[in-house]
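Visitor: I would like a close look at one part of this model. Please take me through it step by step.

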Amino acid sequence: MPVHRPGTIRSRRARLGVAGTLLAALSLLVTLPGAADAADTPARGQAHMGIGVAAHDGDTGSGPSGSVTQTEGVDVASYQGNVAWSTLWGSGVKWAYSKATEGTYYTNPYFAQQYNGSYNVGMIRGAYHFATPDTTSGATQANYFVDHGGGWSKDGKTLPGVLDIEWNPYGAACYGLSQSAMVSWIKSFTAQYKSRTGRDAVIYTATSWWTQCTGNSSAFGSTNPLWIARYASDPGTLPAGWSYYTMWQYTSSGPTVGDHNKFNGALDRVQALANG
């Protein structure tokens, strides 16, 4: 029978203890939120309207309730590719927004088909810009947007451009800006957009993001139409300064292509916004 020396047993136990500690540490690293988040981060340019809202606030998919007169719309980006606009028109969709740009480094390769295709079937359409306030100034991004499809013309079928400002899919929720700096960035964008087009840009956001990242600023409620994002049966509490919403994105998983939205009024109100 072999003889086990006490020192040898203690040494083996020590080695086993170290190994167990290392395994536990590795297991913890695998389950850390940062590891999963890094893997899920989209490539620059692939953000789209609602990408951060759905990730942060969730999407019940319940849709609106009540009988208030509203007009159905959709928003699309490159991940929808070439859109069958006649099918959407037949389903009752009467207005649409297509992503045109992001930051100053990306243009949607499907923009022409989406923007012109929706127009050609009879929809009232517009373009939106996905903001990245950590890359360039608001005015610089407004110019890039206007120069790459985000302009406006009074033809009765073109809506004013949209500033999509929401949870950052690439990093820090507020893009590393303080609340006052974020408000200044948005002012820079909206002022330049109006200077270039004569129209006040629509602001797309979620109340949760707006509260955290602008301090719930009321600076834009009297000038910029609100497109509120909330995936539930009602739009909920609106950001400060706005007493009503113009558009409401109520789901990111609608019955047809794109995110689905309600315009707060009948079709003639959509036309009124297009005409300015």
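Visitor: Which elements do the buried residues of helix 7 pack against?

Guide: Keep in mind that this is a predicted model. The buried residues of helix 7 pack against three strands and two helices: strand 4 (124-130), strand 5 (162-164), strand 6 (202-205), helix 6 (138-150) and helix 8 (207-214).

Start with the helix itself. Helix 7 has 19 residues, running over residues 179-197. At 1.5 Å a residue it should span 27 Å, and its end C-alpha atoms are indeed 27 Å apart, which agrees.

Now its buried residues. They are Met182, Val183, Trp185, Ile186, Phe189, Thr190, Tyr193 and Thr197. Look down the axis of helix 7: these buried residues fall within an arc of 160°, so they line one face of the helix. A general point about spacing helps here. An α-helix has 3.6 residues a turn, so residues three or four places apart point the same way. On the other side of helix 7, Ser180 and Ser195 are exposed. Just after the helix comes Gly198, with a positive phi of about 85°.

Turn next to helix 8. The axes of helix 7 and helix 8 are 7 Å apart, and the two helices pack at an angle of about 115°. That makes helix 7 roughly perpendicular to helix 8. On the helix 7 side, the residues that meet helix 8 are Gln179, Met182, Val183 and Ile186. Their partners in helix 8 are Trp209, Trp210, Thr211, Gln212, Cys213 and Thr214. Met182, Val183 and Ile186 also belong to the buried set of helix 7.

Cys213 has a second link. Its sulfur atom is 1.9 Å from that of Cys174, and the two form a disulfide. Cys174 lies in the loop between strand 5 and helix 7, while Cys213 lies in helix 8, so the pair ties together parts that are 39 residues apart in sequence. The torsion about the S-S bond is -75°, which gives a left-handed link. Both Cys174 and Cys213 are buried. The disulfide count comes to one.

Finish in the loop between strand 5 and helix 7, where Asn168 also lies. Asn168 has a relative accessible area of 9%. The cut-off for buried is under 20%, so Asn168 counts as buried. Leave aside its neighbours within four places in sequence. Asn168 is then in contact with Asp134, Ala173 and Tyr175.

Definitions and conventions:
Residues are numbered from 1 along each chain as its sequence is written. This is a predicted model: local features need pLDDT of at least 70, side-chain atom pairs count only at pLDDT 80 or more; totals for chains, interfaces and linings use all residues. Side-chain values use heavy atoms; hydrogens and water are left out. Helices (H or I, at least four residues) and strands (E, at least two) are DSSP runs, numbered from the N terminus. The expected span of a helix is 1.5 Å times one less than its number of residues. Buried means under 20% relative accessible area, exposed over 50%, partly exposed in between (1.4 Å probe, protein chains only). The arc is that of the directions from the helix axis to the C-beta atoms. Contact means heavy atoms within 4.5 Å. A disulfide is a pair of cysteine sulfur atoms within 2.5 Å. Axes are lines fitted to C-alpha atoms, for helices over the stretch in contact, and angles run from 0 to 180 degrees between N-to-C directions. Angles under 35 degrees count as roughly parallel, over 145 as roughly antiparallel, 65 to 115 as roughly perpendicular and the rest as oblique.
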